[in-house]
Amino acid sequence: MDLENTKAQMRKGILEYCILSVLSRNSCYASDIIRELKEARVIVVEGTLYPLLTRQKNAGLLSYRWEESQQGPPRKYYELTAEGREYLADLDRSWEELVESVNLIRSK
Amino acid sequence: MDKTIKINLGGTLFQIDEDAYKMLRDYLQAIDRKFRNAPGGNETIEDIEFRIAEIFQSQKGTAGVISKENVEAMISVVGKPEDFDQEGGGANAYDHYSVRKKLYRNPDDRVIGGVCGGIGAFAETDPVWFRILFIVFAFGFGLGLFVYLALWIALPLADSPSRKREMYGNSANQLRSQDGELIPRYETTSRIGNATNEVFRALGKVLFIIVRTILIILGTALVLTGFMALLTFIMVFVFEYPGAFSTNIEGVNLSYLPDFLNYVVSPAAAPWIKGLITLVVSIPFLAMIYGGIRLIFWFRARDGYVWLATLVIWVMSIAALSIITFNEGVGFAENEKTTSTEYFSTVPDTLYIVTGKKLSDLNAENEISIPDNEYRVMIDDDKKEVYVRTRLMINPDEGNSASVEIKRRSSGRNRLDAIENAERLQYGLNISGKKLILDEFCTIPPDSRWSFDELWVTVNMPEGTIIFMDRTAESMFHSWHDDDFVTDSKNRFWVMTEDGLDYLEPDN
């Protein structure tokens, strides 16, 4: 078994869940999401986030709008779509189930 | 500072040192390679470029030049493409999962249909060996050809990236060529193998055209046959157009079979039987037409499930039809005869056999006849009556009496049932002096189903009796007796001899 591979797979699903969770509170610029994820030590490098955002947007979970910035290029502000909210609600439930299941197994 | 370069990044212009520029360029190329072929990849690349521009802007202020240190700092924040995978942001989900290998036809390495190329990719071997193998087996018994054709039809073409991934196996087993195409890892084994492949490719083109031509001819034949057969079935079964099954020709007349069915089976079963027969007959013809069209136009369709479902429906229809038919058949399990005899009060020296009711007088157009008119059934759909033609026998009587015997035979669920069925046959026969008046047919009353009913009339006359038959009676007689009597004698007189009826020589 490749430990790094297993870790990466575990993180992948969680990371998507985390992005949606951050966006569920309010619409954000990519840097805001990165900051929160970095604080929570879910990611280390920013580049991880961009392909995920693109994928979630293409899946219809997110939408974005352009906003001018005082410094530098215009920014994309992401927000959850209705579909994204449903998806997140689903993930919330399954996350709780997962935690419960894992704890149940580990506490034995 | 040696040299600076102007670049445009995310819509913003930057001045950048030459060594920093090289570093940035390599980094951007790595990003580009990583995401280019992923869905939505260009957007991701663009997003990252915007972010890099933003980082540079915040680092340098507006006047400065981007240095190597700036680029390094930026890379440590954004991360290297390799790191994205570690954190679960891989461009492509497939990169992580091992793919279960599948056999496909290989569009990248094909001679005829890509079958050998696909097997080669599956076995990670140069396909040339499989090509040689197929050629060798094609010369022995032609087996190779059939197997190849079967595989060509059965194997799907690896026409999408995910299918190619499945065809080549894990990403470890494949390389990306310059333009991002997946290429197999194996290399052509030898120069000879390479040359052989070229020869096969040329041969393959010729063979491909030949095979396609054969398939198109085959497909056309299938479509035409299926269409004609289906048309015939519909004409006969639905529109009752006799066509080749005309009543006029001698032989089985099938065109009224659907009507006749109503009288053979119980009323509840009739629509089911008709529906099921339609399914059982038309499904193979439709399949033929569809299969033919596919052969002609050679398109791929994801119709595996449709074929399977159709096959299941067809088999189930056959099964259901068999069960119903068997159930109906039980009603004909036994057959039984009843006989009744009437005697002439005085033995006539000349007997006149005259027909009472004739088939030709009936208002029954629907006729089913079994070869040579031996058994004829007519149906009157208005009166819901079925008529069965009577057979006439004339035998010498051993004693010295004259009698007429009526034998009725029917089938039924059991013997009693069969006897009841036989007795329901209505038949008109009348003796008056020298005249015997008999009907040409017996009648099955309405609301009673046909059950292999037959009726014979046997006339027993002492030797020497002269017998006259009218035309219809004679035809009844002839139809039963398969011998060499003159069909149409000018004078319709016969004489009873020891051996049976004989033609009476006209008196000169």
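Hi everyone, let me start with one side chain: Arg55(A) is partly exposed, with a relative accessible area of 24%. Keep Arg55(A) in mind, because the threshold for buried is under 20%, and we will come back to its partner shortly. Please remember throughout that this is a predicted model.

So which residue does Arg55(A) meet in a salt bridge? That partner is Glu16(A), with a nitrogen-to-oxygen distance of 3.7 Å between the two side chains. Glu16(A) sits in helix 1 of chain A and Arg55(A) in helix 3, residues 49–58, so this pair ties together parts that are 39 residues apart in sequence. Glu16(A) itself counts as buried, at 15% relative accessibility.

Helix 1 of chain A has another pairing to show you. Here the side chains of Glu36(A) and Arg25(A) form a salt bridge, at 2.5 Å from N to O. Glu36(A) belongs to helix 2, residues 30–39, and Arg25(A) to helix 1, so the parts being tied together are 11 residues apart in sequence. Glu36(A) is partly exposed at 29% relative accessibility, while Arg25(A) is exposed, with a relative accessible area of 55%.

Let me step back to chain A as a whole. Chain A contains 4 helices and 3 strands, and along the sequence they run α-β-α-α-β-β-α. Of its 108 residues, 39% are buried. Its accessible surface is about 6,500 Å², with 51% belonging to carbon and sulfur atoms.

Part of that surface is a nonpolar patch. Which residues form this patch? They are Met10(A), Ile14(A), Trp95(A), Leu98(A) and Val99(A), with about 440 Å² of accessible area together. The elements giving two or more residues to the patch are helix 1 (3–25) and helix 4 (82–106) of chain A. Helix 4 gives the most, with 3 residues. On the helix 1 side we have Met10(A), which counts as exposed at 57% relative accessibility.

Now over to chain B. This chain has 14 helices and 18 strands, and 43% of its 508 residues are buried. Residues 24 or more positions apart account for 68% of its contacts with a separation of 6 or more; for chain A, that figure is 46%.

Strand 11 of chain B is a nice place to stop. Ser411(B) is found in this strand, which covers residues 403–412. Is Ser411(B) buried or exposed? At 5% relative accessibility, Ser411(B) counts as buried. Leaving aside residues up to four places away in sequence, its contacts include Phe332(B), Asn421(B) and Phe452(B).

Arg409(B) makes a salt bridge with Glu454(B), at 2.8 Å from N to O. This pair links strand 15 (residues 454–461), home of Glu454(B), with strand 11, home of Arg409(B), 45 residues apart. Glu454(B) is buried, at 12% relative accessible area, and Arg409(B) is partly exposed, at 25%. There is also one network of salt bridges with shared partners, joining Lys38(A), Glu46(A), Arg75(A), Arg51(B) and Glu54(B). Over all chains, the count comes to 22 salt bridges.

Last stop: the cavities. A search of the whole structure finds 2 of 30 Å³ or more, and the largest has a volume of about 140 Å³. Among its 13 lining residues, those closest to the centre are Tyr29(A), Tyr50(A), Lys76(A), Asp47(B) and Phe50(B). Helix 2 of chain B supplies the largest share of the lining, 4 residues. Thanks, everyone!

Terms used: Residues are numbered from 1 along each chain as its sequence is written. Chains are lettered from A and ligands numbered from 1 in the order in which they are written. This is a predicted model: local features need pLDDT of at least 70, side-chain atom pairs count only at pLDDT 80 or more; totals for chains, interfaces and linings use all residues. Side-chain values use heavy atoms; hydrogens and water are left out. Buried means under 20% relative accessible area, exposed over 50%, partly exposed in between (1.4 Å probe, protein chains only). Contact means heavy atoms within 4.5 Å. Accessible areas come from the Shrake-Rupley method with a 1.4 Å probe; for residues, only the protein chains shown count as cover. Patches are made of residues with over 30% relative accessible area and no salt bridge: like charges are joined within 9 Å, nonpolar side chains (Val, Leu, Ile, Met, Phe, Trp, Tyr) within 5 Å. A salt bridge is a side-chain nitrogen of Lys or Arg within 4 Å of a carboxyl oxygen of Asp or Glu. On a 1 Å grid over the protein atoms alone, a cavity is a set of points where a 1.4 Å probe fits but cannot get out, and a pocket is an open set with protein on both sides within 12 Å along at least five of seven lines; lining residues have an atom within 4 Å of a point. Grid points are joined across faces, edges and corners, and a volume is the space filled by probe spheres set on the points.
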